[in-house]
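The following exercises practise the reading of a protein model, one residue and one region at a time. Please attempt each task before studying its solution.

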Amino acid sequence: MPIVVVVGDGQLARMMHTEAIELGLHMRLLAGSEDASAAQVYSDVRLGDYHKLEDLREVVRGASAVTFDHEHVPNEHLEQLLDEHVLVEPRPSALLYAQDKLAQRRKLEELGLPVPAYAAIDSVDAARAFWEQHEHRVCLKTTRGGYDGKGVWFPDSQGELLDLVEDLLGRGMELYAEEKVDFVRELSIMVARSRSGEMRVWPVVESRQDNGICRVAIAPAPDLPSRLARECKKLARLIARKLDVTGVMAVELFEYKTETGTAVSINELAMRPHNTGHWTQDGSLTSQFEQHLRAVLDWPLGETETVAPVTVMVNVLGGEEDPEMSMENRVKEVMLRYPEAKIHLYGKSWRPGRKIGHVNVTGYDVVTTRKIAEHAAKYLITARWN
């Protein structure tokens, strides 16, 4: 059976491995440490640094496909691997638009797709001009490396913005600004595309954030007009095709009010399995992790129909204190109280705000299903039911 190499040792690589076992694949991991989330479960682990071409060359030897659980591998290394006939998926020409958010904005605008107003910020004067044009509705971002609310600022005044820009540019960061969207809610849609061009799209999901970190995903998004759901699916397919994406891609969206209803604007892209797609493990006929492996190997893609009317995913984020009760006993308590809850843990130690797992619950109505999922996740964090 094929050898698939995953570069990156986090929970996404860990959850790919679960599906790979069922498919009979040989999975090999490039990890930064032996105790990393994914390194705990792979049998074939190579320790190395994804910034180093020689480490990448060593781990990809004999691989049928190479893929990632993050977007940070230098593109010049991936181009070199392609020149050496290594099958890298997604290709660096597509991955660029997940690595560089300003390049992403420009490409989506070039394709005529809905994005917030934006501008490169390479000076204090550029920041001042953008603020004056958009008043207080400004979001400042790093072009590369930001995630889970990191690398994102919402200045309350022009003075705060200018001080921020001066400081960040002085530290060598590349920045851009965009107009802050007055959105009703955040949505996400996952699409998978194989090298042959076959595509599958999952239902649109509503995601709810705390401090820039996804906390809850509800699938399908409640009360989403069918017209808008169709538009989101069309948009995801178009982006995947135009950017020549291989594998799973998440399109994060803002839903906002218009005179005639609501519309969507694109927030960000991620070319890998995504937090808002974790619900597919228990709520879809094909999970995002299995689908990603199928896609990068150019195998036929699986069906994406839901298995229940509602699936709710709630992240387990480390609380301010780590309870004395062991995680094993917390898991057993949740299982006793909510046997319908599916618990997914990442093998990570406690740290405030850290993603250490998630809970999926399928059901028949949003209110009840979400209540169970949130209650279960809270207990895993606090060891308290109240």
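**Exercise 1.** Determine whether asparagine 267 is buried or exposed in this predicted model, and describe its surroundings.

*Solution.* Step 1: The relative accessible area of asparagine 267 is 7%. Residues under 20% count as buried, so asparagine 267 is buried.
Step 2: Asparagine 267 belongs to strand 14, residues 261–270.
Step 3: Beyond its neighbours within four places in sequence, asparagine 267 contacts Gln104, Arg105, Lys141, Glu178, Glu186, Glu252, Leu253 and Phe254.

**Exercise 2.** Identify the residues that the UniProt annotation "binding site" covers, and examine lysine 101.

*Solution.* Step 1: According to the unreviewed UniProt entry, the annotation covers Lys101, Lys141, Glu178, Glu179, Lys180, Val181, Glu186, Asn267 and Glu268.
Step 2: Lysine 101 is located in helix 5, residues 101–110.
Step 3: Its relative accessibility is 7%, so lysine 101 is counted as buried.

**Exercise 3.** Locate the largest nonpolar core with respect to the domains.

*Solution.* Step 1: The domain assignment lists domain 1 (3–88), domain 2 (117–179) and domain 3 (183–382).
Step 2: The largest nonpolar core has 49 residues, of which Ile239, Val251, Leu253, Ile266 and Met271 touch the most other members.
Step 3: Helix 8 (residues 226–242) makes the greatest contribution to this core, namely seven residues.
Step 4: Because domain 1 and domain 3 both give residues to this core, the core lies between them.
Step 5: Apart from residues up to four places away in sequence, isoleucine 239 touches Leu108, Leu113, Val245, Met249, Val251, Ile266 and Leu269.

How values were computed
Residues are numbered from 1 along each chain as its sequence is written. This is a predicted model: local features need pLDDT of at least 70, side-chain atom pairs count only at pLDDT 80 or more; totals for chains, interfaces and linings use all residues. Side-chain values use heavy atoms; hydrogens and water are left out. Domain bounds come from an automatic or database domain assignment. A nonpolar core is a set of buried Ala, Val, Leu, Ile, Met, Phe, Trp, Tyr and Cys residues joined through side-chain atoms within 4.5 Å. Buried means under 20% relative accessible area, exposed over 50%, partly exposed in between (1.4 Å probe, protein chains only). Helices (H or I, at least four residues) and strands (E, at least two) are DSSP runs, numbered from the N terminus. Contact means heavy atoms within 4.5 Å. UniProt positions are given in the numbering used here, feature names are shortened, and annotations may be inferred rather than shown by experiment.
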